[in-house]
Amino acid sequence: MLVPWIENGKYQDGNGIIIDRSRNDQIGSTLSAYKGRTLIGDNVSYKNGGSGIHTFDSDHVDIVNNTTYLNNQTAGIEYGQIMSNHSGDIQVLNNILYSARNKPINLNNKSTNVTFNYNLYNNNGYSVSAVGPNDIMADPQFMNASIGDFRLKRTSRAINSGYKSNYLSNYLTTDFLGNPRISSSTVDRGAYEMQY
């Protein structure tokens, strides 16, 4: 989105998926804060101007089994593929984050109680902002990312290495293509599940 923000004249937006201001605490808002949980699951977000998935001034968001690829296309935007910004109680699980060389992969900016875990990050020469104990740095081995085919090759480390959360049993029972979410021993990372 190449429209500068009136407050500072800079490009600020163009995010693929954003949960924006669910706290409803901005000036003039007459709404109370949203108290439920928000799920962002089984999405592919790629080549957006801003981040692929973004939370701003929001709480109780679960970002599970998504694939983000080469976002931050707008010059001057360095948000990462998945960003938590001034938010709280954010879980980022089982995602694949693929960033351009020397661009941020993920970012936690002034957020609290944020968990990054069981994600796969590409090694692009940039340090990862938040790392969980089960995150891995590896080439995800997409089938053909140049044409938007983000299915995984059989040798991908994302296969059978995810975390089987309650979301997978109750809500995310299929992948991006509608295939069963778990087709082998456990869940894959990213939006696609390898089918055997």
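Reader: What makes Ile 82, Ser 84, Met 83 and Asn 85 of strand S7 (residues 82-85) buried, and which way do they point?

Author: Ile 82 and Ser 84 point one way and Met 83 and Asn 85 the other, and all are buried. Buried means under 20% relative accessible area, exposed over 50%, and partly exposed in between (1.4 Å probe, protein chains only). In a regular strand the side chains alternate between the two faces of the sheet. The model is predicted: local features need pLDDT of at least 70, side-chain atom pairs count only at pLDDT 80 or more, and totals for chains, interfaces and linings use all residues. Residues are numbered from 1 along each chain as its sequence is written, and side-chain values use heavy atoms, without hydrogens and water.

Reader: Why is S7 called a strand, and how do you know that S7 pairs with S4?

Author: A strand is a DSSP run of E with at least two residues, a helix one of H or I with at least four, both numbered from the N terminus. S7 covers residues 82-85, so S7 meets that limit. Two strands pair if DSSP finds at least two bridges between them. S4 and S7 are joined by 4 bridges and run parallel, so they count as a pair. Asn 85 in S7 is the bridge partner of Phe 56.

Reader: Why is Lys 47 called partly exposed?

Author: Lys 47 has a relative accessible area of 49%, so it falls between the cut-offs for buried and exposed. Lys 47 lies in the loop between S3 and strand S4 (53-56).
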